[in-house]
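Grab your viewer and a pencil: here are a few exercises to work through with the model open. Each one comes with a task and a worked solution.

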Amino acid sequence: MRAAEIREPHVIKIVELSEEDLMNPADRNLTIEVAASGICGTDLHIYKGEYIGEFPVIPGHEFSGTVVATGSAVTHFKPGDRVAVEPNVACEDCQECRENRRHFCRNWWAVGVTAPGGMATHVTVPETAVFSIGEIDFVYGAFMEPLSCVIHGVEIAKPRLADRIAIAGAGPIGILLLRVFRATGVSWIDVIERNESRAQFVEGAGANSVFRDLSDVPRGQYDMFVDATGVPSVVEDSVDLVRPAGRILLFGVPPKDSRLTIDPFKVFNRELTILGSFTSLRNSRQAIDLIESGIVRVSDLVSHLLPLEQFARGIDLLLHPTEPTMKVMIDPRL
Ligand SMILES: [Zn+2]
Ligand SMILES: [Zn+2]
């Protein structure tokens with residue numbers, strides 16, 4: 001039993017885990033044998049030392065696998081169950097939790113961010129964080145977490161039937177946004193993507209038009225603009241891309257302490273709305289259902305499936321892509 005550990009920024013090591021601890025989870029905890037574990041932008045932030053949490057940390061917050069051991073108080077799961085993990089754990093008792101805002105829990109912690117995660121052969125997690133994935137492929141199950149964040153964002157954006165939408169960024173998250181917005185009955189989705197292989201991909205993945213540069217995008221046309229890049233200048237430009245009464249959703253993670261320069265008069269006299277979307281709020285069951293039903297396809301989003309020992313290579317592929325790269329997935333059983 002082993003894990004890929006980020007010991008300090010830019011240092012990854014494969015470490016041995018205690019079989020004794022993993023096979024004897026306490027109380028309401030259970031241990032999962034990991035079958036698929038996605039690398040995401042948050043992992044890159046952790047790797048670069050730009051994120052909350054302390055080192056060393058075993059990353060991995062988008063994963064699925066099989067239950068192999070349960071604590072004495074576990075009631076919903078048994079060994080052999082196929083599951084995925086919702087990594088944000090809330091206390092359910094603070095003021096935020098008591099007002100249905102558990103994603104802002106004051107005692108928040110997260111599997112793969114502040115506690116050992118799924119870049120491992122095995123990981124122990126609380127039962128309250130675990131969801132059944134039924135019979136779907138483990139690789140699809142590992143999309144439960146990113147898709148649940150996308151569902152949360154779409155629920156905040158509240159698209160109306162036949163809305164016209166522009167999405168900036170066609171990585172795995174941009175494609176998931178496109179597919180979930182499509183499922184809500186919007187009529188038109190344009191995508192802006194600089195990267196050539198990603199632009200080609202999204203063209204075949206259901207975008208109406210793909211623009212390589214923001215300056216080519218028609219002005220004042222969209223009911224909604226969704227940023228999946230986190231680049232502040234993209235958000236600044238979006239003010240001119242939406243129609244009067246348009247909405248702008250900040251979904252990509254912007255650099256902390258960055259600044260926007262926008263004309264507040266335009267926000268005023270065009271009645272613009274700027275929205276933020278942060279993580280998810282118990283959207284996991286919705287995510288599994290959208291995947292299982294085929295309404296949101298994830299099967300084409302994995303570009304690399306690597307063994308645990310190549311976690312560092314996976315990080316490198318995303319930071320410095322030398323080949324077309326979408327979701328990089330680790331299968332610790334390989
Ligand atoms: Zn993630
Ligand atoms: Zn709380």
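Before we start, one definition for the first exercise: a crossing is left-handed if the near helix is turned anticlockwise from the far one by less than a right angle, and right-handed if clockwise. Also keep in mind that this is a predicted model.

**Exercise 1. Helix 5 against helix 6**

Task: Work out how helix 5 and helix 6 pack, which hand their crossing has, and which residues meet.

Solution:
- Step 1. Find helix 5 at residues 144-157 and helix 6 at residues 172-183. Their axes run 9 Å apart, at an angle of about 50°.
- Step 2. Classify the angle. Between helices, 65 to 115 degrees counts as roughly perpendicular and under 35 as roughly parallel, so helix 5 comes out oblique to helix 6.
- Step 3. Apply the definition above: the crossing of helix 5 and helix 6 is right-handed.
- Step 4. Pick out the residues. Helix 5 brings P146, L147, V150, I151, G153 and V154, and these meet P172, I173, L176, L177, V180 and F181 of helix 6.
- Step 5. Sort them by class: this contact has 11 nonpolar residues, one polar and no charged.

**Exercise 2. Helix 5 against helix 10**

Task: Repeat the analysis for helix 5 and helix 10.

Solution:
- Step 1. Helix 10 covers residues 284-292, and its axis lies 8 Å from that of helix 5.
- Step 2. The packing angle is about 110°, which makes helix 5 roughly perpendicular to helix 10.
- Step 3. From helix 5, the contact uses M144, L147, S148 and I151, while helix 10 supplies S284, Q286, A287, I288, L290 and I291.
- Step 4. By class, you should get seven nonpolar, three polar and no charged residues for helix 5 with helix 10.

**Exercise 3. An open sheet**

Task: In what order do the six strands of the open sheet run, and which strands stand at the edges?

Solution:
- Step 1. Trace across the sheet: the order is 12-11-10-13-14-15, and the pairing is parallel.
- Step 2. Look at the ends. Strand 12 (209-211) and strand 15 (273-276) each have a single partner strand, so one side of each lacks a neighbour in the sheet.
- Step 3. Going from one strand to the next, the twist averages 20°.
- Step 4. Zoom in on one pair: strand 13 (residues 222-227) and strand 14 (residues 242-250) are joined in the parallel sense by five bridges. Y222 has V242 in strand 14 as its bridge partner.
- Step 5. Add the helix. Helix 6 packs on this sheet and touches strand 10 (164-168), strand 11 (188-192) and strand 13; its direction makes about 170° with that of strand 11.

**Exercise 4. Antiparallel neighbours**

Task: Which strands pair with strand 4 in the antiparallel sense, and over how many bridges?

Solution:
- Step 1. Strand 3 (residues 29-39) pairs with strand 4 (residues 63-70) over seven bridges, antiparallel.
- Step 2. For a landmark, set S37 opposite F63 of strand 4.
- Step 3. Strand 5 (residues 82-85) also runs antiparallel to strand 4, with three bridges. Here T66 has R82 in strand 5 as its bridge partner.

**Exercise 5. Backbone oddities**

Task: Where do the cis peptide bond before P56 and the positive phi of E92 sit?

Solution:
- Step 1. The bond from F55 to P56 is cis, with omega near -5°. P56 belongs to the loop between helix 2 (41-47) and strand 4.
- Step 2. E92 isn't a glycine, yet its phi is positive, about 65°. You'll find E92 in the loop between strand 6 (88-89) and helix 3 (95-98).

**Exercise 6. Zooming out**

Task: Describe how the chain is divided into domains and what makes up the contact between them.

Solution:
- Step 1. Domain 1 takes 2-143 + 301-330, and domain 2 takes 149-276.
- Step 2. Their C-alpha centres lie 29 Å apart.
- Step 3. Five residues from domain 1 and five residues from domain 2 form the contact. On the domain 1 side, these are three nonpolar, one polar and one charged.

Note on methods:
Residues are numbered from 1 along each chain as its sequence is written. Chains are lettered from A and ligands numbered from 1 in the order in which they are written. This is a predicted model: local features need pLDDT of at least 70, side-chain atom pairs count only at pLDDT 80 or more; totals for chains, interfaces and linings use all residues. Domain bounds come from an automatic or database domain assignment. Two residues are in contact if their C-beta atoms, placed from the backbone, lie within 7 Å. Ala, Val, Leu, Ile, Met, Phe, Trp, Tyr, Cys and Pro count as nonpolar, Asp, Glu, Lys and Arg as charged, and the others, Gly among them, as polar. Two strands pair if DSSP finds at least two bridges between them. Helices (H or I, at least four residues) and strands (E, at least two) are DSSP runs, numbered from the N terminus. Axes are lines fitted to C-alpha atoms, for helices over the stretch in contact, and angles run from 0 to 180 degrees between N-to-C directions. Angles under 35 degrees count as roughly parallel, over 145 as roughly antiparallel, 65 to 115 as roughly perpendicular and the rest as oblique.
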